[in-house]
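Colleague: Before I use this model at the bench, I would like to hear how its labels were earned. Please set the values against the definitions as we go.

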Amino acid sequence: MINQQKFPIIETARLKLRRPLQKDAIALLEATQDEAVMKYYGMAPFVNKVEALAEINWFNKIYSQAEGIRWVITEKGVGNYIGDIGFHNYVKAHSRSEIGFKLTKVFWNKGIMTEALEQVLEYGFMVMQLNRIEAVVDPENAACLCLLKKAGFVEEGILREYEHEEKGYVDVVMLSLLKKDRQVSF
């Protein structure tokens, strides 16, 4: 089950994951305009606030239509967008979904995504009752591959020319984490 009456808030020691709001558009726009953040993301940077707002609307749409959920990552007590994380391509009949995330560069290498990912995975397995969580990653994105493997994801192989990006068709690595293989902490 995804869609609940009230959007779920997740809190960790340092973070608050909350519903995406229109006020997050400028910070989301800035994050997508950072070449380092978007290097392996598979989409072009947003050009303006309208595109960022469309993304926020999509985040909220997938939740309202029970197709996934995307949280905005904020620092506890601050509340400003520093990244986002969540599930999309949810297939209820098969109890599986794909996970995706991004984080502004200033917060890299501080354990922020590890902290957020741990709680979101728990939500996926316990609340959404997922059996399988998938991730598709650019083979050159060593940091993301490391993070996911640290969380217990298993590399299943290369999906050849799986996505089309500005540079053409690209390969991705498919990873998965099964509920039965889930470790409680990283």
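Modeller: A definition to start with: two strands are said to pair if DSSP finds at least two bridges between them. Keep in mind that this is a predicted model.

Colleague: How do you know that β5 and β6 pair, and in which sense?

Modeller: There are 3 bridges between β5 and β6, in the parallel sense, and at least two are required, so they count as a pair. In one bridge, Ser97 is the partner of Ile133 in β6. Arg96 stands opposite Arg132, also in β6.

Colleague: What makes β4 and β5 a pair, and what lies between them?

Modeller: β4 and β5 share 7 bridges and run antiparallel; the requirement is at least two, so these strands pair as well. Here Val91 is placed opposite Arg96 of β5. The two strands form a hairpin with 4 residues between them, and Ser95 in the turn has a positive phi of about 50°.

Colleague: What is the handedness of the unit made by β5, α4 and β6?

Modeller: β5, α4 and β6 form a right-handed β-α-β unit. The term applies because the path from the first strand over the helix to the second runs clockwise when the strands point away from the viewer.

Colleague: Which strands stand at the edges of the sheet, and why?

Modeller: The sheet is open, has 8 strands with mixed pairing, and follows the order β1-β2-β3-β4-β5-β6-β8-β7. β1 (10-11) and β7 (154-165) each have a single partner strand, so one side of each lacks a neighbour in the sheet.

Colleague: Is Glu98 buried or exposed?

Modeller: Glu98, which sits in β5, has a relative accessible area of 11%. Buried means under 20%, so Glu98 is buried. As for the strand, 7 of the 8 residues of β5 are buried, so β5 is largely enclosed by the rest of the structure.

Colleague: What does Glu98 touch, and which side chain shares a polar contact with it?

Modeller: Leaving out residues up to four places away in sequence, Glu98 touches Gly86, Phe87, His88, Asn89, Glu134 and Val136. The side chains of Glu98 and Asn89 are joined by a polar contact of 3.1 Å, and the cut-off is 3.5 Å. Phe87 is 11 residues from Glu98 in sequence, but their C-alpha atoms are 5.5 Å apart.

Colleague: How many disulfides are there, and why is Cys144 not in one?

Modeller: The whole structure was searched, and 0 disulfides were found. The closest cysteine sulfur to that of Cys144 belongs to Cys146, at 9.8 Å, too far for a bond; a disulfide needs the sulfurs within 2.5 Å. Cys146 is therefore in no disulfide either, its nearest cysteine sulfur being that of Cys144. Cys144 is also buried, at 14% relative accessible area.

Colleague: Which residues have the most contacts inside the largest nonpolar core?

Modeller: Trp71, Ile85, Ile99 and Phe153 do, in a core of 38 residues. Elements that supply at least two residues each include β3 (69-75), β4 (81-91) and β8 (168-178). α4 gives the largest share, 8 residues. Beyond its neighbours within four places in sequence, Ile85 is in contact with residues including Leu17, Trp71, Phe101, Met113 and Val120. Apart from this core lies another, of 9 residues, among them Phe46, Ala52, Val72 and Tyr81.

Key
Residues are numbered from 1 along each chain as its sequence is written. This is a predicted model: local features need pLDDT of at least 70, side-chain atom pairs count only at pLDDT 80 or more; totals for chains, interfaces and linings use all residues. Side-chain values use heavy atoms; hydrogens and water are left out. A nonpolar core is a set of buried Ala, Val, Leu, Ile, Met, Phe, Trp, Tyr and Cys residues joined through side-chain atoms within 4.5 Å. Buried means under 20% relative accessible area, exposed over 50%, partly exposed in between (1.4 Å probe, protein chains only). Contact means heavy atoms within 4.5 Å. A polar contact is a pair of N or O atoms within 3.5 Å; within protein, one must be able to donate a hydrogen and the other to accept it, and residues adjacent in sequence count only if both atoms are side-chain atoms.
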